[in-house]
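Work through the exercises below with the model open. Each task is followed by a stepwise solution.

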Amino acid sequence: MTSAAPPAPRASRRAGLTVLLRRAGAGIGTLPLSLAAALLVGFALTALVSDDPLRAWLALLTGPLPEFHLGAQGWELRRVVLFGAAIEDAITLALLGLAIALPFRARQFTLGADGQMFLGALAAVATSLALAAWPAVVVLPASLLAAMLVGGAWGLLPGWMRVRHGASEIVTSLMLNLVAVQLFRLILSEWMSDPGAGFIATPLLPPAASLGALIPGTHVSAMLIAVPLLAWAAQAMLDRTSAGYALRAVGQAPDFARRMGLPVARTVMLSTALGGLFAGLAGLHVSHALLGRLPVDLPAGLGYEGLVVALLARNQPRAIPMAALLYAYLRAGGQAMERGTDVPREMVLVIQALIILFVVSERLWPRLAEGLARWRSRRGAPAVETAEPSPGVAS
């Protein structure tokens, strides 16, 4: 019996592509494929609006990176500000992503991270100002605890209303955002404003409450180290604790969890409170690391970008820091592309939307694999095996 002739190189590449798409559908390599597809489509769109699309694309992909320059004083590091801004945004977005992802794992679609962040920042600043005469070893932990407690308490409200009154957590969290932002502005304007600031804002934080910069010339603080540790702790809580098991069970099969005697109501409230805790930490980062005070016109809406980060990470806490860094890097690259080329920044928003669409379309890659397999079968090509052949099996 003669063995079959090896497939032609083109057919072999098609077979490999089919296997790759099917594995992506199983969760292997989905994000790289989604990124590559979104960037490819984005480059095609850029070519339609730019006279030099390659230069614009290089500005998007390399613009936020610092560069070394040989000057009169020797080697200098330039473009640190934009690079630092990307990392600063990534830290805030990662904390907000965790604030969204943990309730999502319990099937609680809360959108209240914005209000929780505002009130957490306000509580942290109020604590730091009240303890201004104390050393940093007292001020910073107290401010951290205040931000976590207030953010967690505000996050608990949608979960409590869901359990106690059956209210939709989507609606209640959105309405609580409005309440929190207006409460923030009222308290700051009436009782915490600095008359000598020249605008409505709190007094400057005392030096003992400042989160020092790790990278000179930026506001990148020790939160850069804390965020991966917090993401790891959140993932470990989900994977290795009874509370994490209950949270996952309630999210995947609430009726089964109830029949098994798991505390469903308590777990729902715990998930929303944990989300508020991380949003409060994001507020602390904004006030104590980035601004040094709180202005009354602090822009709202950042919490919704945490939703995008959570979607990019598929609600997996361990993946959220990298998803936040990717999202923040694209935003900083958009600024570099807008300043140095003829492409408007809106094109970056299109690319971000494409990435999200490709990532959240879980059935996209397996459907492509099935379509490619059907097309190959119509062309008379041999079927593709998705499993690796066992050693020792003769053809």
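**Exercise 1. Check the length of helix H7 and find what covers it.**

Step 1. Helix H7 holds 23 residues, and 31 Å separates its first C-alpha from its last. At 1.5 Å a residue, 33 Å is expected, so the two values are close, the expected span being 1.5 Å times one less than the number of residues. Note that this is a predicted model.

Step 2. List the buried positions, using the cut-off of under 20% relative accessible area. In H7 they are Glu-169, Thr-172, Ser-173, Leu-176, Asn-177, Ala-180, Val-181, Phe-184 and Leu-188.

Step 3. Relate the pattern to helix geometry. An α-helix has 3.6 residues a turn, so residues three or four places apart point the same way.

Step 4. Find the cover. Helix H5 (113-130), helix H6 (136-165) and H12 are included in what covers the buried residues of H7.

Step 5. Look at an H7 residue outside that list. Ile-170 lies in H7 and is partly exposed, because its relative accessible area is 36%. Ile-170 joins Phe-109, Val-171, Met-175 and Leu-178 in a nonpolar surface patch of about 460 Å².

**Exercise 2. Repeat the length check for helix H8, then locate its packing partners.**

Step 1. H8 covers residues 223-240, which is 18 residues. The expected span is 26 Å and the end C-alpha atoms lie 25 Å apart, so the values agree.

Step 2. The buried residues are Met-223, Val-227, Ala-231, Ala-234, Gln-235, Ala-236, Met-237 and Leu-238.

Step 3. These buried residues pack against helix H4 (80-105), helix H9 (242-252), helix H11 (264-291) and H13.

Step 4. Now approach H8 from a loop. Arg-318 sits in the loop between H12 and H13. Arg-318 touches Ala-231, Gln-235 and Asp-239, leaving out residues up to four places away in sequence. Its C-alpha is 9.1 Å from that of Leu-230, although the two are 88 residues apart along the chain. Arg-318 still counts as exposed, because its relative accessibility is 54%.

**Exercise 3. Which residues touch the most other members of the largest nonpolar core?**

Step 1. Start from the principle. In soluble globular proteins, nonpolar side chains tend to be buried together.

Step 2. The largest core has 81 residues, and those touching the most other members are Leu-95, Phe-184, Phe-278, Leu-294, Leu-312, Met-337 and Ile-355. H4 gives the most to this core, with 13 residues.

Step 3. Take Phe-184 as the example. Beyond four places in sequence, Phe-184 touches Phe-118, Leu-119, Leu-122, Leu-294, Pro-295, Val-296 and Leu-298.

Step 4. Another core, of 5 residues, lies apart from the largest one; Ala-249, Val-250, Ala-257 and Val-268 are among its members.

**Exercise 4. Sort three salt bridges by what they connect.**

Step 1. Searching the whole structure gives 5 salt bridges. Three are treated here.

Step 2. Asp-89 and Arg-331 pair at 3.1 Å, N to O. Asp-89 is in helix H4 and Arg-331 in helix H13, 242 residues apart, so the pair links distant parts of the chain. Asp-89 is partly exposed at 26% relative accessibility, while Arg-331 is buried at 13%. A salt-bridge network links Asp-89, Glu-305 and Arg-331.

Step 3. Arg-293 pairs with Asp-194, with 3.4 Å between the closest N and O atoms. Arg-293 is in the loop between H11 and H12 and Asp-194 in the loop between H7 and H8, so the bridge ties together parts 99 residues apart in sequence. Arg-293 is buried at 15%; Asp-194 is partly exposed at 23%.

Step 4. Asp-255 and Arg-258 pair at 3.3 Å, N to O. Both lie in helix H10 (residues 254-259), and being 3 residues apart they are separated by about one helical turn.

**Exercise 5. Examine two backbone angles in the loop between H12 and H13.**

Step 1. Set the expectation. Most residues other than glycine have a negative phi.

Step 2. Arg-314 has a positive phi, near 55 degrees. Asn-315 also has a positive phi, of about 60 degrees.

Step 3. Compare their burial. Arg-314 is partly exposed, because its relative accessibility is 34%. Asn-315 is buried, because its value is 17%.

Notes. Residues are numbered from 1 along each chain as its sequence is written. This is a predicted model: local features need pLDDT of at least 70, side-chain atom pairs count only at pLDDT 80 or more; totals for chains, interfaces and linings use all residues. Side-chain values use heavy atoms; hydrogens and water are left out. Helices (H or I, at least four residues) and strands (E, at least two) are DSSP runs, numbered from the N terminus. Buried means under 20% relative accessible area, exposed over 50%, partly exposed in between (1.4 Å probe, protein chains only). Contact means heavy atoms within 4.5 Å. Patches are made of residues with over 30% relative accessible area and no salt bridge: like charges are joined within 9 Å, nonpolar side chains (Val, Leu, Ile, Met, Phe, Trp, Tyr) within 5 Å. Accessible areas come from the Shrake-Rupley method with a 1.4 Å probe; for residues, only the protein chains shown count as cover. A salt bridge is a side-chain nitrogen of Lys or Arg within 4 Å of a carboxyl oxygen of Asp or Glu. A nonpolar core is a set of buried Ala, Val, Leu, Ile, Met, Phe, Trp, Tyr and Cys residues joined through side-chain atoms within 4.5 Å.
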